[in-house]
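Reader: I would like to learn how to read helix packing and internal spaces in a model. Where should we start?

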Amino acid sequence: MPTCSEARASLLSLLRGAEHFNTEVFPAKQTLFASLAESQAPSTLFIACADSRINPNLITQTEPGDLFILRNIGNIVPAYGEMLGGVSSAVEYAVAGLGVSTIIICGHSDCGAMKALLAPEKSGLDKMPTVRSWLRNAEAARAALGDLKAEDAGPANVRSLSEQNVLLQLSHLKTHPAVAAAMARGTLFLQGWFYDIGTGEITILDEQSRKTTSITDAIAHLESIPA
Ligand SMILES: [Zn+2]
């Protein structure tokens, strides 16, 4: 837990950042912000973990207005009807309201949620009943890895679980009526990603083969499809 003076320093740093944004950064991009002042038309719903080390706009080299971003613990999308709330309404609004053409679900390395699923006792989940309950929406990904023990929560298994979780959440996403309707019309692409924090590498998770592909191969594949 932070001390009182650390909490003060952290808030001060945020306020200085906001001041710098307002006086230096905003004026330099005034045209962009003016174009966004009264409407948005993002192409993509980007679903990521709330982890502080992921910056969706940075890793996709996009600007404000490009991504409609939904973040939560473990980049989870409960199946439709399980929990109607923040996640399902953001998905519905992005697809039926804003008409996004792409949904990315992005998992990541060293994910605390995935580590907690692998080793609940070590992660202090007994003190976090809400997190424990939320992570039930990823339990099937944990089951897909077979019989692992708490000591198996190393980086390789955390990565495997993150990948399984992205595939699971993609399947949950398809149970949402707005998503199912847009997919039936052929106007929506869904894709799973895995982001490695230590190397910056993003890999694409193929749902059919359940294997990973490099970005280069995914681009080549997409370019080979006639427009
Ligand atoms: Zn995470």
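Author: Start with handedness. A crossing is called left-handed if the near helix is turned anticlockwise from the far one by less than a right angle, and right-handed if clockwise. The model here is predicted. In this model, helix 4 passes helix 9 in a left-handed crossing.

Reader: At what angle do the axes of helix 4 and helix 9 cross?

Author: The axes of helix 4, residues 86–97, and helix 9, residues 177–185, cross at roughly 30° and come within 8 Å. Angles under 35 degrees count as roughly parallel, so helix 4 is roughly parallel to helix 9.

Reader: Which residues in helix 4 and helix 9 meet?

Author: From helix 4 the residues are Val91, Glu92, Val95 and Ala96, and they meet Ala178, Val179 and Ala182 of helix 9. Sorted by class, this contact has six nonpolar residues, one charged residue and no polar ones.

Reader: Now the enclosed spaces. How many cavities of 30 Å³ or more are there?

Author: A cavity is a set of points where a probe fits but cannot get out. The count here is one cavity of 30 Å³ or more, and the largest cavity has a volume of about 30 Å³.

Reader: Which residues line the largest cavity?

Author: The lining is made of Tyr80, Ser88, Val91, Glu92, His176, Pro177 and Ala178. Helix 4 and helix 9 each supply at least two of the lining residues, and helix 4 has the largest share, with three. Val91, Glu92 and Ala178 in this lining also take part in the contact between helix 4 and helix 9. By class, the cavity lining has four nonpolar, two polar and one charged residues.

Reader: And the open spaces: how much space lies in the largest pocket?

Author: About 820 Å³ lies in the largest pocket. Its lining has 29 residues, and the closest to the pocket centre are Phe189, Leu190, Gln191, Ile204 and Leu222.

Reader: Which elements give two or more residues to that lining?

Author: They are strand 1 (44–49), strand 3 (102–108), strand 4 (189–195), strand 5 (202–205) and helix 10 (215–224). Helix 10 gives the most, six residues. By class, the pocket lining has 15 nonpolar, 10 polar and four charged residues.

Terms used:
Residues numbered from 1 in each chain as written. Predicted model: local features only at pLDDT ≥ 70, side-chain atom pairs only at ≥ 80, totals over all residues. Heavy atoms only, no water. 1 Å grid on protein atoms, 1.4 Å probe; cavity = no way out; pocket = protein on both sides within 12 Å on 5 of 7 lines; lining within 4 Å. Points joined across faces, edges and corners; volume = space filled by probe spheres on them. Helix = DSSP H or I, 4+ residues; strand = E, 2+ residues; numbered from the N terminus. Nonpolar A, V, L, I, M, F, W, Y, C, P; charged D, E, K, R; others polar. Axes fitted to C-alpha atoms, helices over the stretch in contact; angles between N-to-C directions. Parallel < 35°, antiparallel > 145°, perpendicular 65-115°, else oblique. Contact = heavy atoms within 4.5 Å.
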